[in-house]
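Open the model in your viewer and keep the selection panel at hand. The stops below run from one sheet to a helix, then to the cores and the whole chain.

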Amino acid sequence: MMHPSHPPVAPQDDSADILHGVRITDPFRPLEDSARPDVQAWVEAQDERCRAWLKDLPGQADAERYLRGIWDYPKQGIPSREGQRWFLWLSNGLDDQFSFATGDSSTGPWRILLDGPKLSADGTVSISGVFPSRDGNLLAYLLSDGGSDRQVLHLMQVDSGMPRADRLEWCKHTSVAWVPDSSGFYYTRIAAPDDPPDWDRRSTRVYFHRLGDAQGKDICVFAMPEEQSLFISAGATYDGTMLSLYLARGTDERNGIVNRRFDARLDAPFETLSPLGLARFWPVAHRDGIWHAVTDLDAPNCRIVRLDGTNPASAHWQTIIPESEHPIQEAAYAGGHLLVKRMVHVSHRLTLHDMAGHAITELPFDGQVGIFFGAPKLDDREFLLAENSYRHPQRILRYDIATRSLSVLRDTAARFNLDDMEIRQVFVEAKDGTRIPLTVMHRRDLQLDGTAPVKLYAYGGFSVPMMPSVSFGALHWLRMGGIFAVASIRGGGEYGRTWHEAARGVKRQVAFDDFIACAEWLAAGTYSRSGRIGIIGGSNGGLLVAACMLQRPDLFGAVVCQVPVTDMLRYDRFTFGSFWRHEYGDPTDPEAFAALLAYSPLHNVKANAAYPPILITTGDHDDRVVPAHAYKFGAALQANGHAQNVTLLRIDRRAGHGMGKPTWMSIAEIADVNCFLMAAMGVQPAPLPQAG
C-alpha cells in the first residue's frame with residue numbers, strides 16, 4: 001500500500017508513575033490536555049494527514065453515492081402512547097438527525113414536535129432523550145451539542161408546539177419521571193460547581209422540578225453521598241402511582257431499586273424493593289402492591305419472580321418463570337400478560353405467559369431476529385415490536401393479545417435487497433474449547449478461494465450481546481466484494497451472566513483469545529487467509545482490536561480502532577471512566593493492575609515491531625471515552641520506529657462517542673473505514689451497483 005506522509009511529532013514530557021512498585025513511563029501525557037495549543041496543532045496535523053491519504057483511495061469516488069442511495073428511505077421507531085397521544089421517532093431518509101412527532105393513533109398521521117435536522121446548521125445538535133408527561137400534554141426533551149454526553153433539558157407544550165421557559169443544566173445521562181398531574185417532574189443530574197462538596201462529581205442525584213420554577217429552586221429528593229460513581233435513573237411504575245429509582249455502582253449489574261409514592265411528601269423516605277449490590281433486578285409490572293420482576297439472583301440466566309411490595313425481601317420472592325438454558329434478556333407487560341424474550345444462539349425467542357407464569361404461546365418468528373419492545377401501559381391489549389435481522393431492515397410489528405395474532409404495523413421502506421447474500425452461523429472452538437458463535441456474510445456469487453478480504457467485528461464487554469440488524473457499513477463492504485463476520489465473544493451477554501463473567505476483570509484476556517480464535521478460523525478455512533483479515537471495533541471493541549493487533553500482528557491485514565479505550569492504567573481518571581472499574585478492574589488493586597498492564601494497548605507497543613496498518617478514529621467532543629486514549633495510542637505506534645508501519649488518526653470535529661452523529665458525518669466515516677481496509681489489505685474493491 002502507498003505510504004502516507006511522515007506523521008507529526010507529538011508533544012512529550014517525562015511523566016511517569018510508580019504503581020505497585022513498577023515505574024510506568026507516560027511520555028505522551030501532554031496529549032491528555034486538548035486545550036494546549038501544541039496539542040491542538042498536533043491533532044489538526046494528524047487529521048489533515050489522514051484525510052489527505054484517505055480521499056484518493058480506490059472506491060472512494062463511488063462510496064458516498066452508494067451509501068447515500070441505500071440510506072435514503074423513511075425510517076420510523078416504535079410508536080408509544082401517553083394519555084390519548086401517540087409519539088414517534090422518524091427520519092425522512094437522509095436527515096442528519098431523527099425528529100420527534102405526535103399523532104392521534106399508532107399509524108399517524110404525524111405532526112413534528114422537534115425537527116431534528118433544523119436544530120443546527122451542521123446537523124451536530126441532536127435530541128438525546130424525550131419524556132412526554134403522563135397525559136401527553138407536555139414534553140420534556142434533552143438536547144446534546146456536538147455528540148457530547150452533556151445535555152440541556154427543555155420543555156414544550158404539545159398542543160401548540162410552543163416551548164416553555166424552563167431550562168435545566170447539568171444533565172448527563174439524565175432521565176425524567178413526571179408526576180401524575182403534570183405539575184412537575186423528577187430528574188437526575190450531575191453536580192454543578194457550586195453544589196455541596198460531599199457530592200461525588202461522577203455520581204448523579206435526583207431532583208424535583210416544579211413547572212415554571214428556576215432550576216435553583218429545584219429540591220434534591222434522593223442522594224447517596226457515601227457512594228462513589230453512583231448512577232441513578234428515574235421512572236414511573238407502569239400503573240403510574242410510584243416514582244421508581246434504578247441505582248447502580250458504575251456498570252455493576254447488581255443494581256438496586258427504591259420506590260416512593262408520587263403523592264408522598266418531597267422529603268418522604270424511599271422504600272427499598274431490591275438492595276443495591278444484591279443482584280440484577282428490574283421490574284416488569286406493578287399493580288395493587290404486587291411486583292413482577294426479572295432477576296439473576298440464584299439464576300445466572302435470569303428468572304421472573306413475583307413479590308409483595310410490603311414484604312420484598314428476596315427470601316419471599318416467588319419464582320413464576322424459572323431459569324432455563326436460554327437466558328431471559330427482557331420482559332414486558334400488557335393486558336394481564338407477560339411477553340418474555342430469551343436469547344437462543346444470538347437469536348431471540350418470544351413467549352407469551354399469563355401473570356402466574358404459565359406459558360400460553362410462542363410468537364412465530366423464523367431465523368435470526370432482534371426484537372425491541374415499546375413502552376406498553378397497563379391498559380394496553382397489544383405489544384408493539386421492532387424486528388431486525390441481518391437480511392431485512394427494521395419493521396414494526398403488532399401482536400394482538402386477544403387474538404394471538406402478529407401483524408405488520410409498518411413495513412420497512414428500504415429500497416435495497418439482500419436476498420443475494422449468504423448468511424451462515426458457525427461455532428468456532430476457543431482456546432479453552434468453548435464454542436463461540438460467529439456469523440459470516442457474503443454475496444452468493446463471491447468466489448471463496450481463500451483470498452477474499454474479511455471485515456471481522458466484535459465488542460465483547462459489559463454484557464452487551466451482538467444482535468442481528470442491517471448495517472449500512474456492512475452492506476457497503478459486502479457490495480465491495482468483502483466478507484463480513486460478527487463474533488459473539490465472551491464478555492458480551494449472548495449466553496447470560498456466565499458468558500459475561502468469563503471475560504470480565506482479570507479474565508479480560510479470554511475475550512481477546514476468543515476473537516483471535518475466530519480470526520484464525522476465518523484465515524484457515526475457505527474464506528480467507530492471514531493478512532486478509534481486517535478487524536474493527538469501537539469503544540470497548542476498540543480496546544479489543546487494539547490489544548489483539550499487538551498480540552497477533554501476523555494474523556491481521558488491517559485494523560480500524562474506533563473511539564477506543566487504550567490506557568488501562570488511567571482510564572478511570574477521565575470523565576465517567578470510574579464507572580467501568582467493575583468491568584475492567586481497579587488499577588489501584590495489585591491483581592487488577594497486573595492483568596491490566598499485561599494487555600493495556602498503550603503499554604504494550606513494542607519498539608521497532610511491525611504492525612498492520614491501523615486507522616484510529618475519535619471525536620473531539622467525546623466525553624465518554626476521551627480522545628486522549630486515541631491520541632496517546634496513535635502517538636505510541638507512530639513512535640515505535642518500524643519503517644513499514646502505517647498509523648492514521650482521524651478526528652471528527654463536533655462529534656462525540658457516536659450518538660448524535662449527523663448522517664453526512666456517518667456516511668463519510670463508513671466510506672473512509674471500508675476503503676481504508678480494502679487498500680490496506682491490497683484489495684481492489686468491486687464496482688458498486690446503482691441500488692443496494
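Select β16, β17, β18 and β19. In this predicted model, these 4 strands form an open sheet in the order β16-β17-β18-β19, with antiparallel pairing. Color residues 230-236 and 271-274: these are the edge strands β16 and β19, and each pairs on one side only. Now look along the sheet. From one strand to the next, the twist averages 25°.

Zoom in on β18, residues 256-261. Its antiparallel pairing with β19 runs over 3 bridges. Which residue stands opposite Ser-274 of β19? Pick Ile-257 to see the match.

Next, select residues 509-524, which make up helix α5. Place a distance between the C-alpha atoms at its two ends: they are 22 Å apart. That agrees with expectation, because 16 residues at 1.5 Å a residue should span 22 Å.

Stay on α5 and show side chains. Its buried residues include Phe-512, Phe-515, Ile-516, Cys-518 and Leu-522. Two acidic positions, Asp-513 and Asp-514, are on the buried list as well. So are several alanines, among them Ala-511, Ala-517, Ala-519 and Ala-523.

Center on Leu-522. What does Leu-522 touch, leaving aside residues up to four places away in sequence? The list holds Leu-438, Val-440, Val-454, Leu-456, Ala-485, Tyr-527, Ser-528, Arg-529 and Ile-533. Show them as sticks.

Widen the view to the largest nonpolar core, which has 122 residues. Leu-522 is among the members that touch the most others, along with Leu-438, Leu-456, Phe-515, Ile-533, Tyr-584 and Phe-676. Which helix gives the most to this core? Select residues 663-680: helix α10 supplies 10 residues. In soluble globular proteins, nonpolar side chains tend to be buried together.

Then jump to Val-179, Leu-245, Leu-247 and Phe-262. They belong to a second, separate core of 18 residues.

Finally, zoom out to the whole chain. Switch to cartoon for its 10 helices and 39 strands. The C-alpha trace spans about 70 × 60 × 50 Å along its principal axes. How does the radius of gyration fit a compact globule? The chain has 25 Å, which agrees with the value near 26 Å for a compact globule of 692 residues. Color by accessibility: 60% of the 692 residues count as buried. For a contact map, take contacts with a separation of 6 or more: residues 24 or more positions apart account for 58% of them.

Methods: Residues numbered from 1 in each chain as written. Predicted model: local features only at pLDDT ≥ 70, side-chain atom pairs only at ≥ 80, totals over all residues. Heavy atoms only, no water. Core = buried A, V, L, I, M, F, W, Y, C linked by side-chain atoms within 4.5 Å. Buried < 20%, exposed > 50% of the residue type's maximum accessible area, 1.4 Å probe, protein only. Contact = heavy atoms within 4.5 Å. Expected span 1.5 Å × (residues − 1). Pairing = 2+ DSSP bridges. Axes fitted to C-alpha atoms, helices over the stretch in contact; angles between N-to-C directions. Rg over C-alpha atoms; globule rule 2.2 N^0.38 Å.
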